[in-house]
Structures are given as structure tokens and as C-alpha cells.
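Reader: I have a model open and a few labels I'd like explained. Could you walk me through them?

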Amino acid sequence: PFLKKDWYTVQAPSMFTHRDAGLTLCTRTQGTKIASETLKNRVFEVSLADLNDNAELAYRKIRLCCDDVQGDKVLTNFHGMDMTRDKLCSLIKKWQTLIEARVDVRTTDGYTLRLFCIGFTQKNKNQIKKTWYAQAGQVRQIRKKMVDIMTAECVKCDLKELVAKFVAETIGKEIE
């Protein structure tokens, strides 16, 4: 089976410091089945630590979608970003309120993105009480603020700038 297969180098977009994202396997062109067509729209999941040579960002996963094949190189574009399950589970604790928000935004270069944001209430420094819950009205206000900030940040830039904002966590810091 491996005699009929070729290895292709997955190239990350120029917005990342390390361009080689890895290798992928594909069956050679045979008859009407073209190898480059089977590679197109294939989604690769890569750690942000590998793309930016920063081990502290290992909990973030970047999804890259194949756009084009040139020789033995697979050219990709940003397809999504996620957090690893263990990082997400370490953030969620008892005795606090979890606030989630989502919004669909369109960038200046025409890409439509669905952004999800997760936030938590935190304990005041003089607080004696064991819990730090938020009331329903406060949760709605915080969620609205999250949506407003995400929309304002994303509408005024293109996809490349937006990915740079995701990597630098500027939108997250703004929401805090």
C-alpha cells in the first residue's frame, strides 16, 4: 500500500514564524483520480507551539486547510483555532460563574468567522465569601460587552491581522 503513496510537505501561512507544519501522505495520481484534488480541503491540526517556536503556547491548536498543491508542497490557510481539552478543564473551577459568548463576524477581506469566548468571574481581593457568582443581569451585561469587543476588533481588520491578534491574545486582554 505504501508503494503507491507520496509524501507532501504541509506549509503554514506566512503569518506564522515556522512555515513547515509537517508531512502528509497521499495516494499517487492514477487514472482520473488526481493526487492534488484529494489533498485539497484537507484540514491539518497543528500546535501553535510548533508554528511559533514557543513552548508556552502548546495548549492552542491551529487548524490549517489545504488551498493549493505546488509540487510536493501543500499550501494552507488559517481554518480555525482551539484550546486543548486539558487546558480548558484546568480553567473551569467550582464556585465561580462561567460566561460564554459567540459572534459571527466578517473581516475586511470577506472571510466570515464564528468566534467563541469564555470568561469566568473572579474573587475580589478582600472577599471572605466562598463563592463568587454573578447574577443573571450581570452575566448578560458581560456577555454583551464580550460580543461588542469581539465584533469591533474583527470588523476593522483582515484575516492575517486577526490571526495575529488571536496569537498575541490582544482581544482576550481587551475583554478582561
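Author: Sure. Let's start with Lys 87, which lies over the face of Tyr 59.

Reader: What makes Lys 87 count as lying over the face of Tyr 59?

Author: A charge sits over a ring if NZ of Lys or CZ of Arg is within 6 Å of the ring centre and within 35 degrees of the ring normal. Lys 87 is at 4.6 Å from the ring centre of Tyr 59 and lies over its face, so it fits the rule.

Reader: Where do these values come from?

Author: This is a predicted model, in which local features need pLDDT of at least 70 and side-chain atom pairs count only at pLDDT 80 or more, while totals for chains, interfaces and linings use all residues. Residues are numbered from 1 along each chain as its sequence is written, and side-chain values use heavy atoms, with hydrogens and water left out.

Reader: Why is the pair of Phe 78 and Phe 166 called tilted?

Author: Rings of Phe, Tyr and Trp (its six-membered ring) pair if their centres lie within 6.5 Å; planes under 30 degrees apart count as stacked, over 60 as edge-to-face and the rest as tilted. The structure holds one aromatic pair. Phe 78 and Phe 166 are 6.4 Å apart, centre to centre, with 40° between the planes, so "tilted" is the label. Phe 78 is in strand S5 and Phe 166 in helix H5 (residues 159–168), so the pair ties together parts that are 88 residues apart in sequence. Helices (H or I, at least four residues) and strands (E, at least two) are DSSP runs, numbered from the N terminus.

Reader: How do you know that S4 and S5 pair?

Author: Two strands pair if DSSP finds at least two bridges between them. Strand S4 (residues 60–70) has 10 bridges to S5, running antiparallel, and Arg 63 stands opposite Gly 80. S5 (residues 73–83) also runs parallel to strand S1 (residues 5–11), with three bridges; there Val 10 faces Val 74.

Reader: Asp 53 and Trp 95: which one is called exposed, and which partly exposed?

Author: Buried means under 20% relative accessible area, exposed over 50%, partly exposed in between (1.4 Å probe, protein chains only). Asp 53 has 60% relative accessibility, so it counts as exposed. Trp 95 has 33%, so it is partly exposed. Asp 53 has a positive phi of about 50° although it is not a glycine, and Trp 95 has one of about 65°. As for the two Phe residues, both Phe 78 and Phe 166 are buried.
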